[in-house]
Amino acid sequence: MNSIQKIDERFSFGSITKTDLNWLTLDEKAIHIYGTPNNEKVLTRIESDRIQSFPEGIQILGLHTSGVRIRFKTNTKYFAFKAILSSKDTMPHMADTGISGFDVYVRVVGEKEYRYQKTFTPDLGYGNPDTRPVVVGECYFWSDDREKDILIHFPLYNGVEDVVVGIEEEATLSEPTPYTIEKPILFYGSSITQGGCASRPGNSYPLLLSRWLDADMINFGFSGNAKGEQIVAEYISEKGMSALVIDYDHNAPTLQDLEETYEPFFKYIRKAHPSLPMVMISKPDFDGDVEGHGKRRQVIYNTYMKAKTEGDANIYFIDGATLFGERGRGECTVDGCHPNDLGFMRMAETIYPVLREALDHQLLYHETNAKPYTIPFINLDQETKMQVVVDREVGQYLGHPTTVLLEDQKTMWTVYPKGHGAGAIILKKSEDAGKTWSTRLETPKSWEESKETPILYEIETPQGIKRLLMVSGIVSGTGGFRISYSDDQGITWSEFKTYYDQIGVQGIVAFATLVRLKKPNGEWDYRWMGLFHDREYKNYKVILSFDESGQMVCSMPEAYLGQDKVVKTYTEDGLLLTTTIKPQNYRSIEMYAGLCEPCALRSPDGKQLAVIFRGNTKVTSSMVIFSDDEGETWSKPKEVAGALRGERHQAKYDCVTGKLLVTFRSYGITGNPDDRHWVAWLGQYEDLVNGTEGDCRICLKKNIGTVSWNGNDGDCGYAGIEQITDIHHEEYGTYILTSYGHWDKDEVNQEPYILTVRFKLDEIYASI
């Protein structure tokens with residue numbers, strides 16, 4: 001009988017056709033190995049000097065290389081591989097490529113995702129007991145000579161005795177790009193965790209998650225032998241981990257065994273790792289015995305709920321009944337129990353958001369950002385010559401001003417509500433850049449019913465008109481926001497027009513920031529991006545633009561941090577060229593940190609956008625994100641240095657030095673002399689990028705006294721920030737900052753009032 005290999009050579013075992021290769025062993029420094037004890041150059045999952053103390057089944061399975069990987073970086077266009085396996089064992093329900101194969105993945109340096117390249121198929125030498133099981137293969141990258149990270153997954157159910165890899169003699173070789181999450185995720189569980197019955201190693205759910213998260217991992221799946229033993233809990237407790245996934249429901253022989261082992265197993269590891277994220281998972285093949293499996297699930301869920309009730313904030317539960325989805329559940333396994341590739345994909349898709357949230361919570365908070373800063377502190381609190389009272393009314397709360405300085409560098413407008421973030425809007429004008437202010441001016445009737453903090457901006461219409469906007473959110477009912485505008489430099493204003501009040505998006509501090517966008521060629525566009533948040537700390541963007549008739553239009557609010565972004569590219573003829581999903585679902589961070597009140601600014605070269613957020617839950621510092629594509633996609637939020645920790649940031653570059661000045665309400669840095677006062681920070685854009693402290697902190701005005709609204713717990717600091725930028729102006733470089741607060745020390749039960757502070761940076765540097 002002719003074999004399939006003779007009929008179709010694509011089904012034949014691998015071979016190596018090139019001879020002029022640089023052959024590398026695992027001792028090569030540039031080749032990193034993962035998934036072994038301490039990532040050492042050994043090919044077992046437990047140290048050889050300790051494995052004998054484990055149960056017999058784990059002693060055998062610990063020699064299997066599930067989860068073991070090697071990675072290195074090269075620009076080779078050709079890659080060859082040889083390996084010697086420990087066993088010829090096969091299983092009736094699992095492919096040899098999964099049991100004994102090696103998966104090759106490639107990621108071009110700078111890209112985010114690995115691309116599957118090939119599986120090196122084992123030649124187990126059937127019928128010849130003396131033939132050593134080997135794997136031989138080659139991989140062409142054709143004309144692609146870019147530097148790339150090579151990732152090779154080892155067999156799931158076999159041991160490996162030796163491996164060598166071959167690259168072109170002239171090719172580069174260096175250490176791989178570090179994992180984004182370098183401390184490994186440890187998966188402990190059953191045969192499903194070990195990888196049975198994936199068609200190839202890379203399709204097992206732990207390895208899918210490792211690639212998706214760009215995380216190191218350790219696979220402690222032991223087929224039929226993960227039973228929550230004390231010795232295993234002790235061993236795992238010794239490990240440094242970023243997270244632990246507990247998935248051994250299948251292996252506890254009876255309900256009683258699960259009841260006796262599950263909580264003690266969890267508690268032992270929790271005692272050793274008090275803040276380690278742990279994900280508890282019940283078995284996925286739920287359908288065969290719903291009642292029995294339900295009782296087992298309840299044991300796990302009860303352990304989870306007890307921990308939550310006792311204050312464990314880093315424990316998570318996934319109902320195994322949800323892992324295979326709802327439709328086609330029977331198509332997810334090879335035998336009613338062990339997942340096939342479809343089953344593993346569905347499992348990974350279900351586990352991914354939970355594990356990602358767990359990791360985000362763990363990685364967010366850095367205690368150093370809550371400590372006092374070390375840069376110089378400059379106190380302008382008593383510099384009364386710099387201060388101008390804008391408005392004050394006995395017994396009336398006046399707060400949350402914003403400002404705009406017009407092109408003449410003299411005319412300046414401010415708006416603020418009679419009340420805390422809501423109430424009739426007051427309008428005032430200065431004709432000398434904030435030195436003096438008018439009485440309260442007449443306003444449109446609809447301004448009397450403002451429900452949120454009013455924000456002022458200046459934009460330019462396609463017809464060249466300098467238009468002033470005043471935006472006010474709607475936080476009640478069905479939400480939305482309202483806009484009033486002036487096309488005559490603020491002399492007259494339109495009534496409010498309401499946008500999107502029927503979609504349920506509540507506009508809090510809308511728009512907290514408004515930034516002009518650029519065209520792909522770098523020219524300014526007649527489009528602006530407005531950002532705001534809702535009560536659940538979901539952040540939205542709105543694109544403000546003009547239609548063909550010149551009418552101002554606003555796009556539907558879009559949650560820009562809470563969902564992955566689909567990016568499409570097209571040919572010049574308009575045909576779809578590529579579709580890429582860019583992961584940027586940072587919803588868990590939004591909620592955990594309470595991200596709100598964004599402040600957008602550009603890098604000095606104008607090519608990058610940055611957004612600074614208030615962290616309203618107070619468990620993190622303020623945070624920052626970056627975009628290199630005009631707000632289409634964003635980087636993962638990260639904390640700024642403690643010197644920038646605060647609320648309601650507003651930023652402007654200094655026209656003289658190019659330095660960046662950011663004003664805000666200081667909050668959450670115990671021991672700092674300006675905590676809960678109105679402050680400013682001086683530094684550079686690179687400090688945002690690098691997380692460095694900057695040049696200095698400035699106390700603009702101390703917030704003191706008492707108030708009925710909230711006990712005066714830092715109730716100040718929402719500010720407008722302007723600067724005189726005309727080099728011919730006698731006050732060139734003067735900053736004009738306007739805020740509200742409780743500024744008088746000796747007055748009891750005072751309500752906040754509006755104050756302007758004016759200064760130049762040379763006055764600040766003279767104090768350093």
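Colleague: Where is Ala433 placed in this predicted model?

Modeller: Ala433 sits in the loop between strand S21 (425-430) and strand S22 (455-460).

Colleague: What is the phi of Ala433? How should I read the sign?

Modeller: Start with the general idea. Most residues other than glycine have a negative phi. Now the case here. Phi of Ala433 is near 55°, a positive value in a residue other than glycine.

Colleague: Is Ala433 buried or exposed?

Modeller: Ala433 counts as buried because its relative accessible area is 1%, and the cut-off for buried is under 20%.

Colleague: Which phi does Gln489 have, and where does Gln489 lie?

Modeller: Gln489 has a positive phi of about 65° and is not a glycine. Its place is the loop between strand S24 (481-486) and strand S25 (497-499). Gln489 is partly exposed, at 33% relative accessibility.

Colleague: Next, peptide bonds. What is the general expectation?

Modeller: Most peptide bonds are trans. Look at Gly196 and Cys197: a cis peptide bond joins them, with omega about 10°. Cys197 is in the loop between H4 and helix H5 (205-213). The bond from Ala510 to Phe511 is also cis, with omega near -15°. Phe511 belongs to strand S26 (residues 508-518).

Colleague: Which helix holds Thr193, and what does its side chain contact?

Modeller: Thr193 is in helix H4 (residues 191-194). Its side chain makes a polar contact with the side chain of Asp247, at 3.0 Å. Thr193 is buried, at 0% relative accessibility. Leaving out residues up to four places away in sequence, Thr193 touches Phe187, Tyr188, Tyr205, Pro206, Asn219, Gly221 and Asp247.

Colleague: How do I read a helix by its buried residues?

Modeller: Use the turn. An α-helix has 3.6 residues a turn, so residues three or four places apart point the same way. In helix H6 (residues 230-237), the buried residues are Val232, Ala233, Tyr235, Ile236 and Ser237.

Colleague: What do the buried residues of H6 pack against?

Modeller: They pack against helix H2 (56-61), strand S12 (181-189), strand S13 (215-221), strand S14 (243-247) and helix H7 (255-272).

Colleague: Last one. Which residues does Ile378 contact, beyond its neighbours within four places in sequence?

Modeller: Those residues are Cys696, Arg697, Ile698, Cys699, Ile764, Ser767 and Ile768. Ile378 itself is in strand S17 (residues 377-379). With a relative accessible area of 4%, Ile378 is buried.

Colleague: How far apart are Ile378 and Glu452?

Modeller: In sequence, 74 residues; in space, 33 Å, C-alpha to C-alpha.

Conventions:
Residues numbered from 1 in each chain as written. Predicted model: local features only at pLDDT ≥ 70, side-chain atom pairs only at ≥ 80, totals over all residues. Heavy atoms only, no water. Helix = DSSP H or I, 4+ residues; strand = E, 2+ residues; numbered from the N terminus. Buried < 20%, exposed > 50% of the residue type's maximum accessible area, 1.4 Å probe, protein only. Polar contact = N/O pair within 3.5 Å; in protein donor to acceptor, adjacent residues only side chain to side chain. Contact = heavy atoms within 4.5 Å.
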